[in-house]
Amino acid sequence: TAPAPADLLDLALRAARAAGRFLVQERPADLDVAATKTSPTDVVTAMDRGSEELVVRTLRAERPDDGVLGEEGAAATGSTGVRWVVDPIDGTVNYLYGLPEWAVSIAAEVDGEVVASVVAAPALGETWTATRGGGAHLDGRPLRRGRGADLGQALVATGFSYEARHRALQAQVAAQVLPRVRDLRRAGSAALDLCGVAGGRHDAYFERGTHHWDVAAAALVAREAGVRVGGLRGAPESEELVLAAADPLFDDLHALLDAAWPASWPA
Ligand code: IPD
């Protein structure tokens, strides 16, 4: 029998808290972003790896036979039907610069479907959680979104891929969205951008070029808060597009994005 989502959530929370403490306490105080040597990025890579190891070790201690997919390379198939999807630092550039918008993101999938998730943002002192059918919460307070804003009044979060070949096209799309909405935000963490829709901090979020681990946990938080999450032309969310907004804003933004998308996009 599949484990209860609440039990998976409990374990994910403990893993996320352990990683969060590590990332806050062990972040070198003298991370010098302006240094010309490559060390700051190396330090962040080391912290990323350390966080992922801590998360995987915590999960494995109690559930050694589950599958794992982690941004830093953790990969195991598992034999229980449960797979953990881990982003050890979502928002690594913010972490590097000492900005607080970064998160440890952990999703528990059962037979390919996310049933429990945690997006913990230690530097903000906030934890977003959700279980499938059990609602979404911010620090234990239930989240429930109503009808979406009108397009022209919508505050829309987005993000840009780190891959240069995508960025010029992403800027083109953003240039077409910007005159049609209240404003755009680029905070630097896809997971927190999605949770932000659940929490009403902005009205919508869209991005092309995310990875599964960036959004797996936060998409459940948004859905359980009553936000619609999907991709292009009825497809589920994917690297091609993650769009999140309450109805009917979802459809209005989708139409705008569908028209704005350049026909050819480098793979
Ligand atoms: C990145 C952040 C960023 C988004 C990128 C992601 P990472 O994740 O979520 O906001 O725009 O697409 O790759 O690399 O910091 O885990």
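In the predicted model, the shell of residues around the ligand comprises 4 nonpolar, 8 polar and 5 charged residues. In total, 17 residues surround the ligand, and the closest are Asp90, Thr92, Gly159, Ala190 and Asp214. Among the secondary-structure elements, strand 3 (residues 82-90) makes the greatest contribution to this shell, supplying 3 residues. Residues of the shell are drawn from both domain 1 (5-143) and domain 2 (151-260), and the ligand therefore lies between the two domains.

The protein chain is partitioned into domain 1, spanning 5-143, and domain 2, spanning 151-260. The centres of these domains, taken over C-alpha atoms, are separated by 21 Å. Contact between them involves 29 residues of domain 1 and 21 residues of domain 2. On the side of domain 1 that touches domain 2, at least two residues each are supplied by strand 1 (67-70), strand 3, helix 3 (92-97), strand 4 (103-110), strand 5 (113-121), strand 6 (126-131) and strand 7 (135-138). Strand 5 gives the most to this side of domain 1, with 5 residues. The composition by class of the side of domain 1 that touches domain 2 is 18 nonpolar, 6 polar and 5 charged residues. Strand 3 thus appears in two settings: it supplies residues to the side of domain 1 that touches domain 2, and it gives the most to the shell around the ligand.

Helix 5 (residues 190-198) packs with helix 6 (residues 212-224) at an angle of about 5 degrees, their axes lying 8 Å apart. Because angles under 35 degrees are classed as roughly parallel, the two helices are assigned to that category. In this packing, Ala190, Ala191, Leu194, Cys195, Val197 and Ala198 of helix 5 meet Asp214, Val215, Ala217, Ala218, Ala219, Val221 and Ala222 of helix 6. The contact of helix 5 with helix 6 contains 12 nonpolar residues, no polar residues and 1 charged residue. Two participants in the helix contact, Ala190 and Asp214, are also listed among the residues closest to the ligand.

Helix 5 is largely enclosed by the rest of the structure, since 9 of its 9 residues are buried. The buried residues of helix 5 are Ala190, Ala191, Leu192, Asp193, Leu194, Cys195, Gly196, Val197 and Ala198. After helix 5 comes glycine 200, which has a positive phi, near 75 degrees.

Note on methods:
Residues are numbered from 1 along each chain as its sequence is written. This is a predicted model: local features need pLDDT of at least 70, side-chain atom pairs count only at pLDDT 80 or more; totals for chains, interfaces and linings use all residues. A residue is near a molecule or strand if its C-beta atom, placed from the backbone, lies within 6 Å of it. Helices (H or I, at least four residues) and strands (E, at least two) are DSSP runs, numbered from the N terminus. Ala, Val, Leu, Ile, Met, Phe, Trp, Tyr, Cys and Pro count as nonpolar, Asp, Glu, Lys and Arg as charged, and the others, Gly among them, as polar. Domain bounds come from an automatic or database domain assignment. Axes are lines fitted to C-alpha atoms, for helices over the stretch in contact, and angles run from 0 to 180 degrees between N-to-C directions. Angles under 35 degrees count as roughly parallel, over 145 as roughly antiparallel, 65 to 115 as roughly perpendicular and the rest as oblique. Two residues are in contact if their C-beta atoms, placed from the backbone, lie within 7 Å. A residue is buried if 20 or more other C-beta atoms lie within 10 Å of its own, exposed if 12 or fewer, and partly exposed in between; C-beta atoms are placed from the backbone.
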